[in-house]
Amino acid sequence: MMKKLTSLAVAVSLLAAPAAFAADKILLKTPIAFSTALPGLGSPIPRVAEQLDLMSAGTLKMKVYEPGKLVPPFEILDAVSSGKINSGYTTAGYWAGKIPAAPLFSAVPFGPEAGEYMAWLYYGNGMSLYQEMYDQAGYNVKVLPCAIIAPETSGWFAKEINSPADLEGLKMRFFGLGGKVMQKLGVATSLLPGGEIFPALEKGAIDATEFSMPAIDARLGFHKLVKFNYFPGWHQQATVFELLINKDTWNEATDQHKAIIENACKASMADSFAEGEAIQFTAMKDNVDNNGVTIKQWNDEMLATFRTTWDEVAAEEAANDAFFAKVLGDMNTFRDGYALWKENAFLPRK
């Protein structure tokens with residue numbers, strides 16, 4: 001008899017579980033900064049939407065809007081904060097003009113690779129600082145890292161770059177803190193959304209560009225116009241993408257829904273990283289074999305120049321903004337400790 005009662009209780013609890021969610025249905029209307037056609041960059045968020053629906057038994061849904069369909073990419077933060085929309089998928093580096101420290105939660109020149117970045121975010125002080133950044137800047141958002149990719153290419157150029165002098169006078173699309181490095185080296189930089197880069201190259205508004213990984217850049221067709229693709233991506237050894245949720249929406253959500261969203265995004269971090277790592281070599285081979293692209297490695301002089309110039313930029317940014325200094329200091333302290341592990345545990349590079 002006791003066994004039957006226990007079985008009945010379990011059955012009742014399972015039947016009741018969807019009902020517990022039913023009174024608290026959520027629809028996250030989510031404009032995104034990157035087309036879902038871009039693998040590893042925009043492709044993760046539809047998979048997150050699918051998982052939210054499945055894990056919540058349909059009580060938590062996400063409707064994804066392609067770039068510009070609901071809110072322009074560079075307006076997502078303000079729109080989520082104001083409640084115009086209740087969520088958005090983007091990258092913190094887009095908010096550098098509003099919050100100086102924001103690029104540190106997106107990609108850092110000569111910064112952490114994906115594993116180290118996630119270690120700092122989840123098991124260092126990264127996540128608390130990430131949320132604090134938006135809070136202290138007055139934005140009414142909850143932030144969750146929701147995708148990460150490995151190194152990007154360093155850029156696409158119409159001619160070889162053999163010395164710092166070759167950069168002077170170039171007009172180039174460039175992202176984040178790396179763009180400030182390039183500016184110091186005489187490059188006129190602009191930050192264009194992905195869909196605007198090819199037309200700008202075609203019209204001569206820019207001479208060169210960086211955007212993302214080879215498989216992503218291939219979708220945008222840079223190889224048709226500029227043939228020298230440089231590595232390594234010193235400016236973005238890893239790039240984090242964020243899901244922003246209006247804080248009122250987040251606070252009203254059940255603990256179950258919060259846990260589902262948080263864990264779907266953590267799963268997406270692993271999934272997006274794996275996807276990005278799996279598809280680059282095919283795109284690189286195609287570029288060389290079929291598109292007339294020359295893959296180039298920065299020489300030692302150029303890498304040293306980028307590094308010393310980044311050190312100057314970092315010092316200037318820290319001097320100009322106390323929160324930037326706080327975040328960079330914490331990240332560097334974590335990295336100083338991590339270096340003992342990295343230098344001993346991993347095989348040396350050639």
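1. Helix H2 and helix H10 meet through a defined set of residues. On the H2 side these are Pro44, Arg47, Val48, Leu52 and Met55; on the H10 side they are Ile260, Ile261, Ala264, Ser268, Asp271, Ser272 and Glu275. By class, the contact holds seven nonpolar, two polar and three charged residues. Note that this is a predicted model.

2. Now the geometry of that pair. H2 covers residues 44–55, and its axis lies 10 Å from that of H10. The two helices pack at an angle of about 145 degrees. Their crossing is right-handed.

3. H10 also has a role in the packing on the sheet. This helix spans residues 255–290 and touches strands E4 and E10. The direction of H10 makes about 20 degrees with that of E4.

4. The sheet itself is open and has three strands. Their order is E3-E10-E4, and the pairing is antiparallel. Strands E3 (87–90) and E4 (141–149) are the edges, each pairing on one side only. From one strand to the next, the twist averages 20 degrees. In general, strands of a sheet pair through backbone hydrogen bonds, either parallel or antiparallel.

5. How many bridges join E4 and E10? There are eight, in the antiparallel sense, with E10 running over residues 239–246. One pairing to check by eye: Val141 has Asn246 in E10 as its bridge partner.

6. On the other side of the ladder, E3 and E10 are also antiparallel, and their pairing runs over four bridges. Gly88 stands opposite Leu244 in E10. Tyr89 stands opposite Leu243 in E10.

7. Is E10 mostly covered or mostly open? Covered: eight of its eight residues are buried. Thr239, Phe241, Leu243 and Ile245 point one way from the strand. Val240, Glu242, Leu244 and Asn246 point the other way. The buried set thus includes Glu242, a residue worth a look in the viewer.

8. E3 shows a split of this kind too. Ser87 and Tyr89 point one way, Gly88 and Thr90 the other, and all are buried. In a regular strand, side chains alternate between the two faces of the sheet.

9. Helix H4 lies across E4 and E10 and runs at about 160 degrees to E4. Which residues of H4 are buried? They are Ala114, Glu116, Tyr117, Met118, Trp120 and Leu121. The buried residues of H4 pack against helix H5 (126–136), E4, E10, H10 and H12. An α-helix has 3.6 residues a turn, so residues three or four places apart point the same way.

10. H4 (residues 114–123) also crosses helix H12 (residues 322–345). Their axes come within 11 Å and cross at roughly 120 degrees. That angle makes H4 oblique to H12. The crossing of H4 and H12 is right-handed.

11. Who makes this contact? From H4 come Glu116, Tyr117, Ala119 and Trp120. From H12 come Val327, Asp330, Met331, Phe334, Arg335 and Tyr338. By class, the contact of H4 with H12 has seven nonpolar, no polar and three charged residues. Among the H4 residues in this contact, Glu116, Tyr117 and Trp120 are also buried.

Note on methods
Residues numbered from 1 in each chain as written. Predicted model: local features only at pLDDT ≥ 70, side-chain atom pairs only at ≥ 80, totals over all residues. Heavy atoms only, no water. Axes fitted to C-alpha atoms, helices over the stretch in contact; angles between N-to-C directions. Parallel < 35°, antiparallel > 145°, perpendicular 65-115°, else oblique. Left-handed = near helix turned anticlockwise from the far one by under 90°. Contact = heavy atoms within 4.5 Å. Nonpolar A, V, L, I, M, F, W, Y, C, P; charged D, E, K, R; others polar. Pairing = 2+ DSSP bridges. Buried < 20%, exposed > 50% of the residue type's maximum accessible area, 1.4 Å probe, protein only.
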